[in-house]
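Me: I have just opened this model and would like to learn how to read it. Could you walk me through it, one feature at a time?

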Amino acid sequence: MNIEKFYIINQQFMNMAGHYDRNGKSCSLVRELDRTIIVDKSPLEILADSIRCIGFDLKGAIATAKWILGDISMCPIMVNPIHNICVFATKSAQHEDAMWFNPEYIVRTNGFYQKTKVTLRNGLIITVPCRLASFNTKLQNADQLKKITGELGSNPLSFVLHPRREQLLKSRKRTRKKIKK
């Protein structure tokens, strides 16, 4: 199998994971709908390059996802809002063995001895070292990010952020103190 020097996440992208080539060099195993390739970059480098190609950066994509979904851990990332491509990781992005999935190609998830079997659209089944509930939560967060981002793009006035409950309670306390004075 040839090693590609450069890769941009596209609409055919299903998943990727950190991989070591035959010389022990860290790279990525990328699966598309109809092919599998090895890329001479880490998954984070591929994400950063793919987001940079449309004029944004990885740090900004993460910050935006956290702003939309709330400050959740292991937030999904919108790689390309134009083509509605979103990915999520099974572990922290800093782990070399984190797997990244495009929710668009996940057909079914099943629990399997404290792990998750993920069935992809092309029939491939991947066992992920992650509990089913945890994986499904990440999948749901990614779908939610895609839906909200798509709605923002097509109808920006329909999106309203609700303030956090703690902020409401603090502002009510301040108002009560002012009224008492």
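Reply: Happy to! Keep in mind that this is a predicted model. A good place to begin is the inside. In soluble globular proteins, nonpolar side chains tend to be buried together. Here the largest nonpolar core has 23 residues, and Phe101, Ile106, Val128 and Phe135 touch the most other members.

Me: Which elements give two or more residues to this core?

Reply: Two helices do, H2 (58–69) and H3 (132–154), along with strands E2 (13–20), E6 (85–89), E7 (99–101), E9 (115–120) and E10 (125–128). H3 supplies the largest share, with 5 residues. There is also a second, separate core of 20 residues, with Val79, Ile85, Ala89 and Ala98 among them.

Me: What is phenylalanine 101 in contact with, leaving aside its neighbours within four places in sequence?

Reply: Its contacts include Met14, Asn15, Cys86, Val87 and Phe88. Phenylalanine 101 also meets Ile106, Val128 and Phe135, the residues named with it as touching the most other core members.

Me: Now the strands. What is the order of the sheet?

Reply: For a sheet, read the strands side by side and then look for the edges. This open sheet of 7 strands runs E1-E4-E3-E2-E7-E6-E5, with mixed pairing. E1 (3–4) and E5 (77–80) are the edge strands, each pairing on one side only. Further in, E2 pairs with E3 (residues 26–32) in the antiparallel sense over 7 bridges. One residue pair to find is asparagine 15 and its bridge partner in E3, arginine 31.

Me: Which helix packs on the sheet, touching E2 and E3?

Reply: That is H1, which also touches E4 (36–39), E5, E6 and E7. The direction of H1 makes about 55° with that of E5.

Me: How many of the residues in H1 are buried?

Reply: An α-helix has 3.6 residues a turn, so residues three or four places apart point the same way. H1 (residues 43–52) is mostly covered, with 7 of its 10 residues buried. Those residues are Pro43, Ile46, Leu47, Ala48, Asp49, Ser50 and Ile51.

Me: Let me try a loop. Is proline 76 buried or exposed?

Reply: Proline 76 lies in the loop between H2 and E5. Buried means under 20% relative accessible area; proline 76 has 1%, so it counts as buried. Beyond its neighbours within four places in sequence, proline 76 is in contact with residues including Ala65, Leu69, Asn141 and Leu145. Proline 76 and glutamine 144 are 68 residues apart in sequence, with their C-alpha atoms 9.5 Å apart in space.

Notes
Residues numbered from 1 in each chain as written. Predicted model: local features only at pLDDT ≥ 70, side-chain atom pairs only at ≥ 80, totals over all residues. Heavy atoms only, no water. Buried < 20%, exposed > 50% of the residue type's maximum accessible area, 1.4 Å probe, protein only. Helix = DSSP H or I, 4+ residues; strand = E, 2+ residues; numbered from the N terminus. Core = buried A, V, L, I, M, F, W, Y, C linked by side-chain atoms within 4.5 Å. Contact = heavy atoms within 4.5 Å. Pairing = 2+ DSSP bridges. Axes fitted to C-alpha atoms, helices over the stretch in contact; angles between N-to-C directions.
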